[in-house]
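Trainee: Please take a close look at one part of this model for me, the strand region with its salt bridges, and then place it beside the rest of the structure.

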Amino acid sequence: MKLYLGIDTSAYTTSLAVVDGDYNIICDHRRVLEVKQGEKGLQQSEALFQHLKNLPFLFVQLPAGVTEQVAAMAVSAFPRNVEGSYMPVFTAGLSQAQALSSYTGTPLFLLSHQEGHIMAGIKGNEELMAKNEFIACHFSGGTSEILLVRRGQKGVFDIEITMTGSDLHAGQLVDRVGVAMGLPFPAGKHMEELALKLNQDKHPAIPSAVKENSFSFSGPETCALKLLQEGEPAGAVASSVFRVIANTLEKCLLKAAEKSGLREVLLVGGVMANTLIRQRLLDRLEHPSVGLKLYFAEPHLSTDNAVGIAMLAAYLGQGVTRVTGDGSSVTFTKR
């Protein structure tokens, strides 16, 4: 049996995944980077160091005999597939993948972290692969973007950014407010637990800020921190933060749908694992009077992981007709 390996060293998660030719997940191993209590994140140098330490640990966890069956591999080499996109943390996975490819002679595809998120979101939503184009939302700690995704001429996807955050990312808003509450970093799941304990109709409103081609979360952060200082219960503030993210995203997706004429929307990234945000968007945007169709990544595939990268290795590895340059640019036909 041929297998396909994916490696991803994102801002806060080291991950390896293996899938088979039918995209079944054989293994999915992850290690979240350690952030000290009270800190809002890591410097890139410290994150890179932790990734380098974590990779050997994760490779040891691969089942016996897997590496001998790997027919192709892929790695997140950069955040987005655009000129100049770079973060030092991705060099950890890239260098490991290049060494493995060189030593074993296994084909290697250099992909973006964002492409991995989109492909992971397609797991369980395979009908999107038959679409020539669709809207996507990528909301995480390092990215807040509304995207137009088309069938790719080079690689799998051609991605166009149509709206983007002008300051904080959605995940940063959650983590900064959560750390101010005294919660561990990353704070998303802990804030969600607080919010779920409350009546969701009983929370202060935080205004959203959406312009023609951008949106902002710095104002909502200021408002949320002020509410905490004024003694508003942490659960109520958490609920308000999730509501303003959902409201912001609702406005953005309505704009994207109006401009493109598309109705299908894929939502990926760690923020999209939040059940309150998901339900709010489903209630509002799949209402018959609106008529959008939302596709969410499975919750365990919403957060940073290498599954989508491994799936792309399988997709490309089973259909490559030509690899050019350093391997980052490919043309393919499905067999």
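Mentor: What follows starts from one strand, moves to its neighbours and their salt bridges, and ends with the pocket.

The model is predicted, and that applies to every value below.

Take strand S7, residues 144-151. Six of the eight residues of S7 are buried, so the strand is largely enclosed by the rest of the structure. The cut-off used here is a relative accessible area under 20% for a buried residue.

S7 has a partner in S6, and the two run antiparallel, paired over seven bridges. S6 and S7 make a hairpin, with four residues between them. Within this pairing, Phe 134 lies opposite Val 149 of S7. S7 is also joined to strand S8, residues 157-165, again in the antiparallel sense and by seven bridges. There, Leu 148 faces Glu 160 of S8.

Side chains add to the backbone pairing. Glu 133 and Arg 150 form a salt bridge, with their closest N and O atoms 3.3 Å apart. Glu 133 belongs to strand S6 and Arg 150 to strand S7, and the two are 17 residues apart. Glu 133 has a relative accessible area of 30%, which makes it partly exposed. Arg 150 is also partly exposed, at 32% relative accessibility. The Glu 133 and Arg 150 pair is part of a network, since salt bridges with shared partners join Glu 133, Arg 150 and Glu 160. Glu 160 is the S8 residue that stands opposite Leu 148.

The structure holds nine salt bridges. One of them brings together the side chains of Lys 131 and Glu 264, at 3.6 Å from N to O. Lys 131 sits in the loop between H3 and strand S6 (133-139), while Glu 264 is in strand S11 (residues 264-268), so this pair ties together parts that are 133 residues apart in sequence. On accessibility the two partners fall into separate classes: Lys 131 is partly exposed at 29%, and Glu 264 counts as buried at 18%.

Another salt bridge joins the side chains of Lys 255 and Glu 212, at 3.6 Å between N and O. Lys 255 is in helix H7 (residues 234-260), and Glu 212 is in the loop between strand S9 (209-210) and strand S10 (214-216), with 43 residues separating the pair. Lys 255 is partly exposed, with a relative accessible area of 25%. Glu 212 is likewise partly exposed, at 45% relative accessibility.

That leaves the pocket. The largest pocket has a volume of about 1,200 Å³. Its lining comprises 41 residues, and those nearest the pocket centre are Gly 141, Asp 175, Pro 186, Gly 270 and Asp 304. Strand S3 (25-32) and helices H3 (113-122), H4 (170-180) and H5 (188-196) each contribute at least two lining residues. H4 gives the most, with five residues. Sorted by class, the lining has 15 nonpolar, 18 polar and eight charged residues. H3 also appears in the account of the salt bridges, as one end of the loop that carries Lys 131.

Key
Residues numbered from 1 in each chain as written. Predicted model: local features only at pLDDT ≥ 70, side-chain atom pairs only at ≥ 80, totals over all residues. Heavy atoms only, no water. 1 Å grid on protein atoms, 1.4 Å probe; cavity = no way out; pocket = protein on both sides within 12 Å on 5 of 7 lines; lining within 4 Å. Points joined across faces, edges and corners; volume = space filled by probe spheres on them. Nonpolar A, V, L, I, M, F, W, Y, C, P; charged D, E, K, R; others polar. Salt bridge = Lys/Arg side-chain N within 4 Å of Asp/Glu carboxyl O. Buried < 20%, exposed > 50% of the residue type's maximum accessible area, 1.4 Å probe, protein only. Pairing = 2+ DSSP bridges.
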